[in-house]
Amino acid sequence: MPRNFLLISVLLVWTLAACDAFKEDEVVVPTIADVEDAATAIVLTENAPPEGFQTVSYNEIDENLAQIAYSRFDVEITFEGIYADTSEATTGSMFLEAVANQLTVAREVDIEFEGEVFSGGATDLKAVRLSNNYYMINPNGVCITETSQIQEIANIRAGQIIGGVESAGPTGNRGEVNGYQVWQYGFAPEALVRPQIQTTAELDLLTGEMWVAPEFQVVVRYIVEMNVENAQLLFGNRPVTGRVRFEYNVYDLNLEQNISIPNGC
């Protein structure tokens, strides 16, 4: 065997042996976790909602509220923008409060308007339902008891006005809202169930949040802001373009509500 070939063979054996030894001593370095993702995962785990509430759906935002003996909710809606037909600046608001006693089938609804963006010229309203009897004080202070003129207002639901959310997931935030233990949920724009807005344009959702009280299985707070274009809002009869904000809050769950015939009836 030539001497040079022998030397090369010996060197090759030494080299392979050294590689094998290196492999045996090699320490496998684990994949380094993303610090931000890990922190988010920890927060979500520590603040996870109760079982059965990993994903929620409230197509009407006040869904399940009628299953609770006593309750009160309010809806505040504001608008800032212009009339689409004249570009004249305008603002407006609507405030609705509803008190319910499911045990006696009683309900009281108060609606207040500022400006004509939401009202179309309608005035403030107060309607009461006591079992199958209805009462309402008209703008002239006259008591009306004709069921067909009152029942739609007296039985109005928040979801009929501001819609709801088809699917939402927890954000990792929890706390107390209106005196109830709640978890916050976020949702995609396409999960929004449209509020009472008439427009051919897309609704531009800017922000949205929802707080759910699993103990009662209801939404306690819901806030949405959006841009609208050439839209008629609720009872309004002129199209507007601008920003709308909806806020819904629930109070007095299972606290007895006193509802009576309005003064003047």
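User: Hello! Where does Ile-77 lie?

Analyst: Welcome! Ile-77 is part of strand 2. Please keep in mind that the model we are reading is predicted.

User: Is Ile-77 buried or exposed?

Analyst: The idea is to look at relative accessibility, where buried means under 20%. Ile-77 has a relative accessibility of 1%, so this residue counts as buried.

User: Which residues is Ile-77 in contact with?

Analyst: When you read a contact list, set aside the neighbours within four places in sequence. For Ile-77, that leaves Gly-92, Ser-93, Met-94, Phe-118, Ile-161, Ile-162, Leu-234, Val-244, Arg-245 and Phe-246. Take Phe-246 as an example: this residue and Ile-77 are 169 residues apart in sequence, yet their C-alpha atoms are 4.7 Å apart in space.

User: How should I think about nonpolar residues in general?

Analyst: In soluble globular proteins, nonpolar side chains tend to be buried together. Now for the case here. The largest nonpolar core has 64 residues, and those with the most contacts inside it are Phe-187, Met-210, Tyr-222 and Tyr-248. Strand 13, residues 218-233, gives the largest share of this core, with nine residues.

User: What does Met-210 touch?

Analyst: Not counting residues up to four places away in sequence, Met-210 touches Val-56, Tyr-58, Ile-61, Val-165, Ala-168, Trp-183, Gln-184, Tyr-185, Phe-187, Val-219, Arg-221 and Tyr-222. Phe-187 and Tyr-222, both in that list, also appear with Met-210 among the residues with the most contacts inside the core.

User: Now to charged residues. How many salt bridges does a search of the whole structure find?

Analyst: The search finds ten salt bridges. To read one, ask which side chains meet, and then which parts of the chain they come from. Arg-72 and Glu-97 make a good start: their side chains meet in a salt bridge of 3.0 Å, N to O. Arg-72 lies in strand 2 and Glu-97 in strand 3 (residues 89-101), so the pair ties together parts that are 25 residues apart in sequence. Glu-97 is partly exposed, at a relative accessible area of 23%.

User: Which residue forms a salt bridge with Glu-247?

Analyst: That is Arg-221, with the closest N and O atoms 3.9 Å apart. Because Arg-221 is in strand 13 and Glu-247 in strand 14, this pair ties together parts 26 residues apart in sequence. Their surroundings can be read from accessibility: Arg-221 counts as partly exposed at 24%, while Glu-247 counts as buried at 16%.

User: And which residue pairs with Arg-243 in a salt bridge?

Analyst: Arg-243 forms a salt bridge with Glu-225, and the closest N and O atoms are 3.6 Å apart. Here again strands 14 and 13 take part: Arg-243 lies in strand 14 and Glu-225 in strand 13, so parts 18 residues apart in sequence are tied together. Arg-243 is partly exposed, with a relative accessible area of 43%. Stepping back, Arg-221, Glu-225, Arg-243, Arg-245 and Glu-247 are linked in a network of salt bridges.

User: What about Asp-74, which is buried yet has no salt bridge: how far away is the nearest side chain of opposite charge?

Analyst: The nearest is Arg-72, at 4.7 Å. A salt bridge needs the nitrogen and the carboxyl oxygen within 4 Å. Asp-74 does have a polar partner, though: a polar contact of 3.3 Å joins its side chain to that of Tyr-251. Asp-74 sits in strand 2, residues 70-83. Leaving aside neighbours within four places in sequence, its contacts include Phe-95, Glu-97, Glu-247 and Tyr-248.

User: Which residues does a disulfide join?

Analyst: A disulfide joins Cys-143 to Cys-265, with an S to S distance of 1.9 Å. The count comes to one disulfide. The pair links distant parts of the chain, 122 residues apart: Cys-143 is in strand 7 (residues 143-144) and Cys-265 in the segment after strand 14 (240-251). For handedness, look at the angle about the S-S bond: with 105 degrees, this link is right-handed. Cys-143 counts as partly exposed at 24% relative accessibility, and Cys-265 is also partly exposed, at 39%.

User: Last one: is Asn-132 buried or exposed?

Analyst: Asn-132 counts as exposed, at 59% relative accessibility. You can find Asn-132 in the loop between strand 5 (125-130) and strand 6 (133-137).

Terms used: Residues are numbered from 1 along each chain as its sequence is written. This is a predicted model: local features need pLDDT of at least 70, side-chain atom pairs count only at pLDDT 80 or more; totals for chains, interfaces and linings use all residues. Side-chain values use heavy atoms; hydrogens and water are left out. Helices (H or I, at least four residues) and strands (E, at least two) are DSSP runs, numbered from the N terminus. Buried means under 20% relative accessible area, exposed over 50%, partly exposed in between (1.4 Å probe, protein chains only). A disulfide is a pair of cysteine sulfur atoms within 2.5 Å. A nonpolar core is a set of buried Ala, Val, Leu, Ile, Met, Phe, Trp, Tyr and Cys residues joined through side-chain atoms within 4.5 Å. Contact means heavy atoms within 4.5 Å. Lys and Arg count as positive and Asp and Glu as negative; His and the chain ends are not counted. A polar contact is a pair of N or O atoms within 3.5 Å; within protein, one must be able to donate a hydrogen and the other to accept it, and residues adjacent in sequence count only if both atoms are side-chain atoms.
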